[in-house]
Structure formats: structure tokens, C-alpha cells
Amino acid sequence: MTTDALTLITTVDELRYYLKEAMKLEHATIPPYITALYSLKPGTNLEAFHIIRQVAVEEMLHLTLVANVFNAVGGDIQGTLTAPDFVPKYPTFLPTGETDFQVSLSPFSPKTVETFRKIERSQPMAEGMPLVKARNREEDYQQYLLSVQGYKDPYTFYSIGLFYAEIIRGLNYLYKQMGDALFCGDPSKQITPEYYYNGGGDIIPVTDLRSAIRALRVIQEQGEGSRVATIYDAERELGHEFRFEQLELGQYYVVDREDPEKSDKPHHPTGEKFEVGWDQVYPIKENASLSDYPEGSEVYEAAVNFRNAYSEFLRTLETAFNGKPDELIPAVGGMFRLKELVNQLVRNPIPGLHGIHAAPIFPEPPAL
């Protein structure tokens with residue numbers, strides 16, 4: 001098999017596999033974003049706070065949109081978000097398989113923002129196979145990488161946008177073979193707009209090919225692989241990559257929603273400048289694990305409480321996606337109410353580690 005133009009997804013099972021990986025991908029960005037968000041000292045870096053928080057909300061939107069597509073094609077979501085390997089062990093490669101960088105749970109810093117830009121980097125939606133041969137695939141991270149079916153060598157997708165382009169290609173291919181029978185899922189499992197009003201875009205119930213593609217396009221255009229060389233998405237909002245670039249440059253982009261031609265060009269913002277307080281951050285431990293905290297200490301207990309609360313957050317999301325959509329609103333709000341638990345960590349040094357503060361602990365997969 002070569003990397004010439006062809007469709008990777010030729011069966012419904014393959015489509016469901018890639019959509020499950022998409023849910024893992026969308027979630028895998030949330031712990032890094034909220035860890036950096038929680039590391040900001042109160043009352044400082046308001047620009048960074050609002051940018052990171054809004055992107056995290058939009059990742060929740062993306063996760064919900066993928067779940068709608070998955071349910072629409074008859075996927076069984078039970079056990080997906082609560083699976084032992086749903087949350088990766090950080091630092092990690094993203095599930096789509098980008099292997100030129102890893103993602104860590106880190107405090108807000110120039111390096112962290114640079115990683116966030118890599119997560120959201122865009123790539124033109126070129127024709128042909130959107131794959132590159134993976135490199136640096138360390139053995140310990142194999143289980144967290146997307147496996148491109150049909151390939152003996154480790155090929156992967158360069159960007160999230162190209163990954164979604166392949167899912168859209170697969171949807172079109174299968175629809176030509178099956179027609180409306182492809183969308184055999186239970187309509188009652190669709191998340192509709194009244195169950196998600198936390199900002200970040202609109203929820204799209206998926207019932208047919210058009211709505212499925214529209215839902216996936218929202219994800220592409222909101223930051224992860226824009227199809228055009230502009231700074232904004234289809235809703236005339238600034239793409240994720242460029243929102244983070246504002247923090248690197250200390251300057252806002254100008255987005256003219258009425259006349260896109262008057263908007264700034266990529267990498268050349270002309271808007272208001274602002275100061276970034278890189279030192280106004282709690283010195284939390286990078287990629288912390290529960291074993292870093294002395295058992296019986298206050299930070300150990302706080303870390304256990306946060307981990308359990310986050311596991312409950314994922315269980316509630318899964319319930320919402322599995323036919324009880326009214327659970328979604330409290331779940332999304334709960335993601336940020338976790339900050340009360342986080343404050344018990346980030347504001348306190350780890351006993352025995354001079355000057356290093358505790359950090360939130362997320363559920364970890366079983367050891368390999």
C-alpha cells in the first residue's frame with residue numbers, strides 16, 4: 001500500500017474506529033489547557049486566562065460534535081470516555097499521531113504556548129493521502145497513537161485538520177455505498193443546542209451526510225486545520241492557532257467580521273498590544289503523578305479528590321452522550337468548578353521539593 005490518493009475508511013467499523021480516536025484526541029487537549037489555565041495566579045494574565053479558557057470550552061464543543069457523528073452512524077459510546085486508555089499518560093503524543101512534538105501538563109510559559117500552537121497548527125487540505133511517516137515513536141507511547149489501518153509502517157497524520165479531512169472522505173465514500181442507511185443511530189442520543197450553551201460555537205445535531213460533514217467542518221475551521229489561509233473560522237472567529245500566537249506576540253489580531261479582506265493576515269497582527277506576565281504563574285510540577293506527593297499529605301489528598309472528580313466528570317459526559325443530554329450542562333460547568341480543588345494544589349509546595357508546587361492529577365491509564 002502506498003500513500004497515493006485513496007480512501008482509508010471503507011467500512012462502517014473503520015469509520016467508528018476513527019471517530020472514537022477523534023473523541024480521544026479532542027479530550028487529550030483539555031487537561032493540558034486547563035492545567036496551564038489553573039497555573040495562572042489570580043488577577044494576572046487576564047488575556048491568557050480568557051484565551052485558554054475559551055479554547056478549552058471549544059474543545060468540549062468539538063468532543064460533543066464528534067460524539068454526535070459517532071452516535072449518528074450507530075456507534076455505541078458506552079465505555080468510551082471511561083475506558084482505561086481514554087486519558088493518556090502525559091507527556092504524550094496526540095492520538096492522531098503527530099510525532100514531532102509531545103504534549104505535557106505544564107504551567108503557563110512560552111514553551112507551553114508554543115506547544116499549544118503546534119496542537120492547533122493548520123495545514124492546507126491538499127488532495128491525496130494526508131499522511132507522513134511517523135518518527136520518534138517511543139515504545140511507551142505506542143498505545144496512545146492512532147493506528148492507521150492497513151499500514152505495516154507507522155504512518156500518521158500531519159495535522160488534526162488532515163485527520164478530519166480523512167474522516168469526511170470516508171463518510172462520503174460510505175454514503176455512496178449505503179445511502180441514508182449509514183445514519184442508523186438513535187436520534188435521541190443527539191446533543192441538541194438547548195443542552196449546550198457555554199459558548200464556543202453551535203451544537204449541530206447529526207442526522208444525515210450534510211449535518212455530519214458540517215459538524216466536522218466546524219472542528220476543522222475553528223482552529224485545527226483551516227481550509228483557507230486566513231486567521232478566522234467559518235463563523236468569523238479567530239482560529240485557535242492565532243489566538244495562542246497573540247500570547248507569543250503580546251498583540252491582538254484584528255478580525256473584521258463584515259469585510260474579511262480588512263482582517264489581519266496570518267502572523268501579522270496589528271491590534272492592541274498587551275503585556276504577558278510569564279512570571280505571574282504558580283511553579284507547578286510538570287507532568288505530575290500521584291507518586292510525586294507524600295502519601296498522607298494535604299496535597300496527596302487534594303490530588304486524589306481532583307482525580308476522582310475528573311473521573312466523575314468523564315462519566316457524566318458519557319452518560320450525556322448516551323441518551324441523557326440533560327447531563328451535559330452540569331458536566332461542562334463542572335469542568336471549571338474543579339478549580340476549587342485545583343487551588344488546594346497549585347497554591348501549595350510539594351513537601352520535600354523546594355519551590356515546586358503541586359499540580360492537578362488526571363486519571364492515568366494502566367502501566368504498560
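Ten salt bridges turn up in this predicted model, a salt bridge being a side-chain nitrogen of Lys or Arg within 4 Å of a carboxyl oxygen of Asp or Glu. The ground rules are short: local features need pLDDT of at least 70, side-chain atom pairs count only at pLDDT 80 or more, and totals for chains, interfaces and linings use all residues. Residues are numbered from 1 along each chain as its sequence is written, and side-chain values use heavy atoms, with hydrogens and water left out.

Start with the bridge between Glu241 and Arg117, where the closest N and O atoms are 3.5 Å apart. This pair ties together distant parts of the chain, with Glu241 in helix α7 and Arg117 in helix α4, 124 residues apart. Helices here are DSSP runs of H or I with at least four residues, strands are runs of E with at least two, and both are numbered from the N terminus. Glu241 and Arg117 are both buried; that word means under 20% relative accessible area, while exposed means over 50% and partly exposed is in between (1.4 Å probe, protein chains only). The pair also belongs to a network of salt bridges that links Arg117, Glu241, Glu245 and Glu248.

Other bridges stay within one helix. Asp13 and Arg16 meet through their side chains at 3.9 Å, N to O. Both sit in helix α1 (residues 12-28), three residues apart, or about one turn of the helix. Asp13 is exposed at 58% relative accessibility, whereas Arg16 is partly exposed at 22%. In helix α5 (residues 160-178), Arg169 bridges to Glu166, with 3.1 Å between the closest N and O atoms. Again the partners are three residues apart, about one helical turn. Glu166 is buried, with a relative accessible area of 1%, and Arg169 is partly exposed at 24%.

Now step back to the whole fold. The protein chain has ten helices and two strands, and along the sequence they run α-α-α-α-β-β-α-α-α-α-α-α. Of its 368 residues, 56% count as buried. Take the contacts (heavy atoms within 4.5 Å) with a separation of 6 or more: 73% of them join residues 24 or more positions apart. The accessible surface comes to about 15,700 Å², and 48% of that belongs to carbon and sulfur atoms; these areas come from the Shrake-Rupley method with a 1.4 Å probe, and for residues only the protein chains shown count as cover.

For a covered helix, look at α2 (30-39). Ten of its ten residues are buried, among them Ile30, Tyr33, Leu37 and Tyr38. Helix α10 (residues 339-346) offers Gln344, which is partly exposed at 40% relative accessible area. Leaving aside residues up to four places away in sequence, Gln344 touches Val299 and Ala302. Gln344 and Glu301 are 43 residues apart in sequence, with 9.6 Å from C-alpha to C-alpha.

A few spots in the backbone deserve a look. Most residues other than glycine have a negative phi, and most peptide bonds are trans. Asn45, in the loop between α2 and α3, has a positive phi of about 50° although it is not a glycine. Asn45 is buried, with a relative accessible area of 8%. His267 lies in the loop between α7 (240-249) and α8 (298-321), and its phi is also positive, near 70°. At 41% relative accessibility, His267 is partly exposed. Then there is the peptide bond from Tyr90 to Pro91, which is cis, with omega near 0°. Pro91 sits in the loop between α3 (46-72) and α4 (110-119).

Tyr90 comes up again in the cavities. A search of the whole structure finds three of 30 Å³ or more. A cavity is a set of points, on a 1 Å grid over the protein atoms alone, where a 1.4 Å probe fits but cannot get out; lining residues have an atom within 4 Å of a point. Grid points are joined across faces, edges and corners, and a volume is the space filled by probe spheres set on the points. The largest cavity has a volume of about 90 Å³. Its lining includes Val87, Pro88, Lys89, Tyr90, Asn287, Phe362 and Glu364. The full lining divides into seven nonpolar, two polar and two charged residues, where Ala, Val, Leu, Ile, Met, Phe, Trp, Tyr, Cys and Pro count as nonpolar, Asp, Glu, Lys and Arg as charged, and the others, Gly among them, as polar.

Definitions and conventions: On a 1 Å grid over the protein atoms alone, a cavity is a set of points where a 1.4 Å probe fits but cannot get out, and a pocket is an open set with protein on both sides within 12 Å along at least five of seven lines; lining residues have an atom within 4 Å of a point.
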